[in-house]
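Colleague: Could you take me through one part of this model slowly, as you would for someone new to protein structures? I would like to see how a single piece relates to its surroundings.

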Amino acid sequence: MWYNPDVAERAIIKPDDEYVVSRLIDYYLLGWERGPIFSPFDLRWVLLPTPPLRTDVEQAVTNLRQTRLAPFLEKAGLFTELSALPEDLFRERILRLRCYLAEPDEPSEELLNKLRLIASLSGLLLEALREGFSPLKLKSALRPLRKSLAVITPELHTLLYSLAEHLSLIGENSPEESDALERETRYRCVEWLGRLHAYWYALLG
Amino acid sequence: MNRPLKLHGWSEHAREEFADILGQSPSDQQMRALLRLWQKHSQEAFLNRHGRWQVKVVYKHKQQSHNLWLVAGEQNGNWLLWTIFEVA
């Protein structure tokens, strides 16, 4: 077998570079950088950073084209003009690459469905925190995702319980004190995000 | 704090939550069925994190069956069915 040490050296990507790309993809898909441990009851710890720019992710992926990861970029459909991809397709393809970075085998549809759902729910909860959704608006937006969670991630039953328990306090005629309910809803969003992200990292490392 | 053995009624919010679960507005008869379920299972009720009494019951109606958490809260000295939820 022909071996060219120069080419091989260029193709090897440093483990820390690979780690950085993985984290950048996570950050882009989840909308939240992996941060310090915080208490959901102490919002001083909760930072809501702006997710990375898509162009930064595109550049990071492009930089991998000359590395050992090139075959995985190809399998994920990322050997193309990235800026021309519609957002949904771009997210789908970097999700696939993220799976290859965790395990070089084909990701199962079951795994992809779990990750898609976690990313959607994470995006919604972060949007609710950033935009200051009313509890009622959040409850309504969460409805279809709760149904999907029950089907796609039944192992997250205790999270489903937490969602159902808290959302049952929210309503047009809720007897709860509205300021307290709004405050607790924010705490819960942070708690749910923490649990979703922990699950994401448990699946992908 | 003594757990309520009987509930005096329900909040409008509880009715709305039940409607959400059933997919249609419940009749008074269906709401009273929940009060009876509370009475039947009240000994199993526990204090939840909000300081309200909570118990799990199975509600059956026609072909449907729901595992419901009933939550009771006190309002103006009366125990009411405060809210209801189902974990999908």
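Modeller: Happy to, and I will begin with one helix and then move outward to what surrounds it. Please keep in mind that this is a predicted model.

Let's take helix H7 of chain A, which covers residues 135–152. This helix has 18 residues, and from its first C-alpha to its last it reaches 25 Å, close to the 26 Å expected at 1.5 Å a residue. Even so, H7(A) bends by about 40° at A:Arg143. Look just beyond that residue and you will find a proline, A:Pro144, following within four residues.

Now, which residues of H7(A) are buried? They are A:Pro135, A:Leu138, A:Lys139, A:Leu142 and A:Leu149. A general point helps when you read such a list: an α-helix has 3.6 residues a turn, so residues three or four places apart point the same way. As for partners, the buried residues of H7(A) pack against three helices of chain A: H6 (109–131), H8 (157–167) and H9 (178–204).

From here we can step out to the nonpolar core. The largest one has 35 residues, and A:Ile25, A:Ile94 and A:Leu193 have the most contacts inside it. H7 is among the helices of chain A that each supply at least two residues of this core, and others include H2 (15–30), H5 (87–102) and H6. H9(A) gives the most, with six residues. The core also crosses a domain boundary, drawing at least three residues from each of domain 1 (1–107) and domain 2 (108–205) of chain A. To see one of its residues up close, try A:Leu193: leaving aside residues up to four places away in sequence, A:Leu193 touches A:Trp32, A:Ser122, A:Leu125 and A:Leu126.

H7 also has a part in the contact between the two chains. That contact takes 15 residues from chain A and 13 residues from chain B. On the side of chain A that touches chain B, H7 and H8 of chain A each supply at least two residues, and the largest share, five residues, comes from H8(A). By type, the residues on this side of chain A divide into six nonpolar, five polar and four charged.

Let me finish with the two domains of chain A, domain 1 (1–107) and domain 2 (108–205). Their contact takes 14 residues from domain 1 and 20 residues from domain 2. On the domain 1 side, H2 and H5 of chain A are the elements that give two or more residues, and H5(A) gives the most, with four residues. The residues on that side divide into 12 nonpolar, one polar and one charged.

Methods. Residues numbered from 1 in each chain as written. Chains lettered and ligands numbered in written order. Predicted model: local features only at pLDDT ≥ 70, side-chain atom pairs only at ≥ 80, totals over all residues. Expected span 1.5 Å × (residues − 1). Bend = angle between axes of the 7 residues up to and from the residue. Buried ≥ 20, exposed ≤ 12 C-beta atoms within 10 Å, placed from the backbone. Contact = placed C-beta atoms within 7 Å. Core = buried A, V, L, I, M, F, W, Y, C linked by C-beta atoms within 7 Å. Domains from an automatic or database assignment. Nonpolar A, V, L, I, M, F, W, Y, C, P; charged D, E, K, R; others polar.
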